[in-house]
Amino acid sequence: IASVLFLPPAFGFASGGDVHLEDANIDLADKESLQRGAKSFVNYCMGCHSLQYMRYNRMGEDLGLDDVQVRQNFIFDGETKPGDLMVSSMRPENGEKWFGTAVPDLTLVTRWRSPDWVYSYLKGFYVDESRPYGVNNAVFPDVGMPHVLAGLQGMQKPLYGEAEGEGHQGPLEGFEQVSAGTMSPEAYDDMVRDLTNFLAYAGEPMKLERQRLGIYVLLFLGVLFILAYALKKEFWKDVH
């Protein structure tokens with residue numbers, strides 16, 4: 001009981017610290033959203049990041065796509081096959097050389113973080129000339145990743161509230177757009193939500209099926225409990 005009581009604050013701190021996480025509001029049953037998110041991942045993320053536990057054809061089957069559609073939309077070279085794992089072509093040593101650390105695999109990112117964390121992270125980049133790539137992130141301070149979606153979102157600067165004392169920085173209250181991207185803020189939010197939705201699916205492809213089966217298991221256990229209780233009453237009816 002004590003462990004259960006103390007786990008939520010610990011997870012809350014690990015997920016975002018003092019930064020408010022926005023609600024991703026994802027829907028794993030929305031296959032069109034998952035398809036758009038998968039395409040965004042392949043186009044913008046897979047140059048560096050992998051989904052090393054996911055195969056193209058498994059993704060296609062779950063998202064309602066056949067092998068021809070998978071090849072047309074997600075495979076851009078002649079060597080990769082639909083049955084291959086979704087692995088980035090970037091070598092690990094190059095990631096450490098260019099970004100200062102190994103580039104993480106993203107298959108389980110929404111499970112060891114959360115969908116809200118990923119959604120807020122992708123919206124949280126801001127201008128910071130002190131960083132190597134000229135950007136920082138409100139959710140993951142001093143992250144080594146460049147803002148690969150800057151062309152879509154544009155660039156923004158942070159807005160801070162009043163500091164409590166001299167030499168301290170006030171709390172982050174929001175962002176102000178300093179340059180426009182090719183997407184409107186609303187369209188960018190929708191794109192990031194689709195991408196987060198896809199990553200949540202990749203972390204647990206069987207989640208919807210597990211939940212569906214869980215209902216039947218609970219119903220079965222309920223019926224079994226009634227039968228077991230009736231049997232117990234029958235065995236003990238003559239015992240005084």
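Okay, quick definition before we start: a residue is buried under 20% relative accessible area, exposed over 50%, and partly exposed in between, using a 1.4 Å probe and protein chains only. What we're looking at is a predicted model, where local features need pLDDT of at least 70, side-chain atom pairs count only at pLDDT 80 or more, and totals for chains, interfaces and linings use all residues. Residues are numbered from 1 along each chain as its sequence is written, and side-chain values use heavy atoms, leaving out hydrogens and water.

So, helix α7. Helices here are DSSP runs of H or I, at least four residues, and they're numbered from the N terminus. Seven of the nine residues in α7, residues 115-123, are buried, so the rest of the structure largely encloses that helix. Among them are Trp117, Tyr119 and Lys123.

Yes, a lysine: Lys123 is buried, at 12% relative accessible area. And who does Lys123 meet in a salt bridge? Asp189, at 3.3 Å, N to O. By salt bridge I mean a side-chain nitrogen of Lys or Arg within 4 Å of a carboxyl oxygen of Asp or Glu. This pair links distant parts of the chain, with Lys123 in α7 and Asp189 in helix α9, residues 185-203, 66 residues apart.

Now helix α10, residues 207-235: Glu209 and Arg212 sit three residues apart there, about one turn. Their side chains form a salt bridge too, 2.6 Å from N to O. Glu209 is partly exposed at 29%, and so is Arg212 at 39%. Back to Lys123 for a second: shared salt-bridge partners tie Glu22, Lys123 and Asp189 into one network. Across the whole structure, the search finds nine salt bridges.

Key: Helices (H or I, at least four residues) and strands (E, at least two) are DSSP runs, numbered from the N terminus.
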